[in-house]
Amino acid sequence: MKAGLYIHIPFCESRCIYCGFYSTTAKDWRTRYVDALLKEMHMRSGELKALYPDHECTIDTVYIGGGTPSTLSIDDLSRIINTIKAVFPCKTREITIEMNPDDVTTELISAVRNLGVNRISLGVQTFSDERLRFIRRRHNAAQAAKAVETIRRAGIDNISIDLMFGFPNETLNDWQNDLDAALKLRPNHISAYSLMYEEGTPLYLMLQNDKVQQTDDDTCLAMYTMLMDTLSANDYEHYEISNFCLPGYRAIHNSSYWNDTPYLGFGAAAHSYNLLTRSWNVADIKEYVSAIGSGNLASESERIDDDTHYDDIITTAMRTCEGVDLMRLKPEYRNYALRSAKNDIDGGFLELADNHLRLTRKGLFVSDMVMSNLMKV
């Protein structure tokens with residue numbers, strides 16, 4: 001049996017204006033935070049065994065995200081990864097670390113490669129220096145391109161880059177230029193998302209105060225179409241709504257989220273899932289460190305009933321190109337899904353083949369609506 005493991009590193013040198021994830025610029029907390037992380041792993045060392053008491057369960061993937069994990073020292077990253085290997089049985093196929101382009105050095109990449117890291121997720125977002133300044137990223141376009149080259153030269157050839165579209169005043173030509181710049185680097189994996197205006201972020205406040213104008217839906221849909229067409233024409237597989245890869249380079253860890261695989265999450269704001277319950281740590285670094293220091297877990301949890309589990313499968317598996325495997329569902333839920341899907345199948349938004357219910361290309365553009373039509377709760 002396999003499980004994933006996620007580590008949340010909340011530290012950033014500066015906050016991007018769109019970011020709704022839990023993060024902090026309080027650098028003086030780094031050592032105490034890593035100490036607490038290691039202690040939390042030891043405190044929860046029995047959870048993996050508890051997942052499948054009668055079978056061996058191993059960590060299949062590790063994902064170190066944030067925040068900006070690359071702001072940690074090599075020593076701290078080493079302590080984290082070595083503790084994972086010491087505390088949990090690991091047969092890892094993939095260990096990913098998120099990095100900011102201007103943090104990338106040959107020394108850093110060589111060090112994490114020696115620790116077993118074999119995949120880097122690079123937060124590029126755009127190759128426009130103007131748009132990078134607007135969202136307050138620390139790097140520029142030249143640094144992003146150089147980072148990809150440095151990672152490859154240092155011995156890690158599995159590279160994913162994040163891109164965003166739908167910036168205020170961005171044109172279709174601007175977006176095509178970003179895609180062309182990305183393709184010149186030929187990353188193994190590309191994740192692309194529409195810019196979101198998360199409540200509580202500086203970008204949301206700018207929108208509320210009429211300092212920026214949100215890109216209209218038609219333009220965003222045209223950009224998404226351009227994304228699909230351009231990457232498909234360049235041999236990238238569109239295997240999840242927002243994710244594309246060269247053959248053989250799907251994100252294994254992220255795929256576990258979409259395939260209903262259990263995972264353990266460590267650190268402030270990290271989530272865990274064991275098929276029966278979902279839990280989450282407090283999104284406050286001071287409270288998290290204090291609780292762990294006192295031998296307590298600052299977390300909450302909820303029981304997942306059958307209806308919620310069905311809805312979870314719909315909203316995750318339906319994002320993938322394979323869709324929902326109906327044979328994984330209990331008969332009552334399989335029948336419910338088929339009844340609920342009829343109108344969207346007739347409308348060309350869903351297709352049924354080989355006992356899989358999946359989005360059509362037309363359905364990708366209204367995926368939220370289609371999934372909502374299939375849900376129970």
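This report describes the overall build of a predicted protein model, two helix packings and a few single residues.

In this predicted model, local features need pLDDT of at least 70 and side-chain atom pairs count only at pLDDT 80 or more, while totals for chains, interfaces and linings use all residues. Residues are numbered from 1 along each chain as its sequence is written, and side-chain values use heavy atoms, with hydrogens and water left out.

## Overall build

The protein has 15 helices and 15 strands. Helices (H or I, at least four residues) and strands (E, at least two) are DSSP runs, numbered from the N terminus. Taken along the principal axes, the C-alpha atoms fill a box of roughly 55 × 55 × 45 Å. The radius of gyration is 21 Å, which agrees with the value near 21 Å that a compact globule of 377 residues would have. This radius is taken over C-alpha atoms, and the globule rule is 2.2 Å times the number of residues to the power 0.38.

Of the 377 residues, 53% count as buried. Buried means under 20% relative accessible area, exposed means over 50%, and partly exposed lies in between (1.4 Å probe, protein chains only). Among the contacts with a separation of 6 or more, 71% come from residues 24 or more positions apart. Contact means heavy atoms within 4.5 Å.

## Two helix packings

Two packed helices are described by the angle between their axes and the distance between the axes. Axes are lines fitted to C-alpha atoms, for helices over the stretch in contact, and angles run from 0 to 180 degrees between N-to-C directions.

Helix H7 (residues 172-185) and helix H9 (residues 217-233) have axes that come within 10 Å and cross at roughly 25°. H7 and H9 are therefore roughly parallel to each other. Angles under 35 degrees count as roughly parallel, over 145 as roughly antiparallel, 65 to 115 as roughly perpendicular and the rest as oblique. The crossing of H7 and H9 is right-handed. A crossing is right-handed if the near helix is turned clockwise from the far one by less than a right angle, and left-handed if anticlockwise.

On the H7 side, the residues that meet H9 are Leu172, Trp175, Gln176, Leu179 and Leu183. Their partners in H9 are Thr219, Ala222, Met223, Met226, Leu227, Thr230 and Leu231. By class, this contact of H7 with H9 holds nine nonpolar, three polar and no charged residues. Ala, Val, Leu, Ile, Met, Phe, Trp, Tyr, Cys and Pro count as nonpolar, Asp, Glu, Lys and Arg as charged, and the others, Gly among them, as polar.

Helix H1 (residues 30-43) packs on helix H11 (residues 285-293) at an angle of about 50°, with the axes 9 Å apart. H1 and H11 are therefore oblique to each other, and their crossing is left-handed. H1 contributes Arg32, Tyr33, Ala36, Leu37, Lys39, Glu40 and Met43 to the contact, and H11 contributes Ile285, Tyr288, Val289, Ile292 and Gly293. The residues of the contact of H1 with H11 divide into eight nonpolar, one polar and three charged.

## Three threonines

The contacts listed here leave aside neighbours within four places in sequence.

| Residue | Relative accessibility | Contacts |
|---|---|---|
| Thr71 | 11%, buried | Phe11, Glu13, Arg30, Asp103, Arg138 |
| Thr150 | 5%, buried | Val104, Thr105, Thr106 |
| Thr225 | 23%, partly exposed | Arg361, Phe365 |

Thr71 is found in the loop between strand E2 (58-66) and helix H3 (74-87). The C-alpha atoms of Thr71 and Lys85 are separated by 22 Å, with these positions 14 residues apart along the chain. Thr150 has its place in helix H6 (residues 141-153). Thr225 lies in helix H9, and its C-alpha atom is separated by 29 Å from that of Ile97, 128 residues apart along the chain.

## Backbone features

The loop between E2 and H3 also holds Gly67. The peptide bond from Gly66 to Gly67 is cis, with omega near 20°.

Arg136 lies in the loop between helix H5 (129-134) and H6. Its phi is near 65°, a positive value in a residue other than glycine. With a relative accessible area of 47%, Arg136 is partly exposed.

Leu275 lies in the loop between strand E10 (271-273) and strand E11 (277-281). Phi of Leu275 is near 80°, again positive in a residue other than glycine. Leu275 is partly exposed, with a relative accessible area of 26%.
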